[in-house]
Protein chains: 2
Amino acid sequence: MRLAELAARSGFSNATIKYYLRAGLLHPGEAQSTTWAEYDDSHVRRLRLVRALTEVAGMSLETVRQVVLAVEEAGSEHEARGAAQWALSREVTDEPTASSLVRVDGLLARHGWTVHADSPHRRVLAAALDTVEQLGLPATDELLDSYAQALRPVAELEVSRVAEAEDTTVAAERLVVGTLLYEPVLTTLRRMAHEAASAPVRE
Amino acid sequence: MRLAELAARSGFSNATIKYYLRAGLLHPGEAQSTTWAEYDDSHVRRLRLVRALTEVAGMSLETVRQVVLAVEEAGSEHEARGAAQWALSREVTDEPTASSLVRVDGLLARHGWTVHADSPHRRVLAAALDTVEQLGLPATDELLDSYAQALRPVAELEVSRVAEAEDTTVAAERLVVGTLLYEPVLTTLRRMAHEAASAPVRE
DNA sequence: TCAGATCGGAGAGTGTGGCTATCCAACATT
DNA sequence: AATGTTGGATAGCCACACTCTCCGATCTGA
């Protein structure tokens, strides 16, 4: 299909697709002549992915580009996971305090979770703990433990579903999409659970 | 304290604080004369809240403003919850499909959750389900049920902690801050759980 | 065959968000 | 009275995410 048809199918404007091509968010079509390039389903899927990551996950185009490149270059599911995690973790501006890092490591140890020592999540989580502490709402270990305990079966189910994927590229994409796109599902459900949990005292 | 001291204590620049005052993110200080206004701890706390909501929760200043106003005007915890939820829910551009709304309602019914019929979360969740479906990663009821089941005890613990608050304003603030600021904690823990759950197959 | 439409590509322009810098009159300080 | 600082208003700036305009090459219909 030509660019115009890709635009019609994806719902993006002609100009926006050109912009995404320039920005490296979309791989070029197969040039058939100077004025003719063939785009296929992979381009449609990519555009859907970009839309999902920007609109649902609220990511910037630059972050989307890094995630997309990481997924593309990954030769294995493991590699995809590592690259995607690096790309997904927000830049933590403030260095986390040592005490928060210790708390994170303690949490991991209590639950027997094996996480890479230089995994970005350790620092991201520690920084998040610092922030809530500064606002006078310190997270108790009890709360963190309940989070960890609740998430373990969920994570196992999710990982097992990703592992079913046929192809490496599909698996990598599924991993990233699943991690990111289910986050709004999870947080919205949590807010609903709050509403439900406080319902008895409602008017 | 004067504006300059508030700037020094909060870490924001003089100019930025003036900008926040204009934007309605920060309530004015008590004017002592034409060139002298008294700021207090409430201003320091507010600035910390703004920083937390923008930097950690990634919210726009306009959204922060709405949340802050909602919390300020709330006369009761219940009111604060309603106002905050309205403000917190992202603008859902696409209308959710009817079938997703049915799935959401089914989920709520299965778990006995009471949620307001016009709660924004129903539509937000349904729209999120539509999105993952479009990307070929449909959420099974099994997955949604496991999310809901995992989150219930967590939400109950969180709600009980908020209920301990002394003052209505403090309770409202705590509610919003808790809901929003613990989201990164939760999502980061989920990503860690993924890493831990797939560790056995790591190199 | 050839005039006009369409294509892909590149650069400049646009609008919004989040600050930042400059100016100003009023006041406080020495 | 001279100087410096304050709060308030206006305008400017920069990054992001497009969007518009132009261009030469090529495809298409009569």
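Three exercises follow on a predicted model of protein chains A and B with DNA strands C and D.

**Exercise 1. Helix packing in chain A**

Task: Classify how H3(A) and H4(A) are oriented to each other, and list the residues that form their contact.

Solution:
- Step 1. Locate the helices. H3 of chain A covers residues 41-56, and H4 of chain A covers residues 61-73.
- Step 2. Take the axes. They come within 10 Å and cross at roughly 135°.
- Step 3. Classify the angle. Angles from 65 to 115 degrees count as roughly perpendicular and those over 145 as roughly antiparallel. H3(A) and H4(A) are therefore oblique to each other.
- Step 4. Assign the hand. H3(A) passes H4(A) in a right-handed crossing.
- Step 5. List the contact. H3(A) contributes A:Arg46, A:Leu49, A:Val50, A:Leu53 and A:Thr54. H4(A) contributes A:Leu61, A:Val64, A:Val67, A:Val68 and A:Glu72.
- Step 6. Sort by class. The contact of H3(A) with H4(A) has seven nonpolar, one polar and two charged residues.

**Exercise 2. The surface near DNA strand C**

Task: Describe the protein surface near DNA strand C, then find polar contacts to its base and phosphate oxygens.

Solution:
- Step 1. Collect the neighbours. There are 18 residues around DNA strand C, and A:Leu3, A:Lys18, B:Tyr19, B:Tyr20 and B:Thr34 come nearest.
- Step 2. Split the DNA atoms. Sugar and phosphate make up 60% of the strand C atoms within 4 Å of the protein.
- Step 3. Map the elements. H1 (3-10), H2 (14-23) and E2 (36-38) of chain A, and H2 (14-23) of chain B, each supply at least two residues. H2(B) gives the most, with five.
- Step 4. Sort by class. The surface has nine nonpolar, five polar and four charged residues.
- Step 5. Check a base. A polar side-chain atom of A:Arg22 sits 3.3 Å from a base oxygen of strand C.
- Step 6. Check phosphates. B:Tyr20 places a polar side-chain atom 3.1 Å from a phosphate oxygen. For B:Leu61, a polar backbone atom is 3.2 Å from a phosphate oxygen.

**Exercise 3. The surface near DNA strand D**

Task: Which element gives the largest share of the surface near DNA strand D, and which atom of B:Lys18 lies 3.0 Å from a base oxygen?

Solution:
- Step 1. Collect the neighbours. Of 19 residues around strand D, A:Tyr19, A:Tyr20, A:Thr34, B:Leu3 and B:Lys18 come nearest.
- Step 2. Find the share. H2(A) supplies five residues, the largest share.
- Step 3. Sort by class. The surface has nine nonpolar, six polar and four charged residues.
- Step 4. Inspect B:Lys18. The atom 3.0 Å from a base oxygen of strand D is a polar side-chain atom.
- Step 5. Compare with the backbone. A polar backbone atom of B:Leu3 is 2.8 Å from a phosphate oxygen of strand D.

Key
Residues are numbered from 1 along each chain as its sequence is written. Chains are lettered from A and ligands numbered from 1 in the order in which they are written. This is a predicted model: local features need pLDDT of at least 70, side-chain atom pairs count only at pLDDT 80 or more; totals for chains, interfaces and linings use all residues. Side-chain values use heavy atoms; hydrogens and water are left out. Axes are lines fitted to C-alpha atoms, for helices over the stretch in contact, and angles run from 0 to 180 degrees between N-to-C directions. Helices (H or I, at least four residues) and strands (E, at least two) are DSSP runs, numbered from the N terminus. Angles under 35 degrees count as roughly parallel, over 145 as roughly antiparallel, 65 to 115 as roughly perpendicular and the rest as oblique. A crossing is left-handed if the near helix is turned anticlockwise from the far one by less than a right angle, and right-handed if clockwise. Contact means heavy atoms within 4.5 Å. Ala, Val, Leu, Ile, Met, Phe, Trp, Tyr, Cys and Pro count as nonpolar, Asp, Glu, Lys and Arg as charged, and the others, Gly among them, as polar. A residue is near a molecule or strand if one of its heavy atoms lies within 4 Å of it. A polar contact is a pair of N or O atoms within 3.5 Å; within protein, one must be able to donate a hydrogen and the other to accept it, and residues adjacent in sequence count only if both atoms are side-chain atoms.
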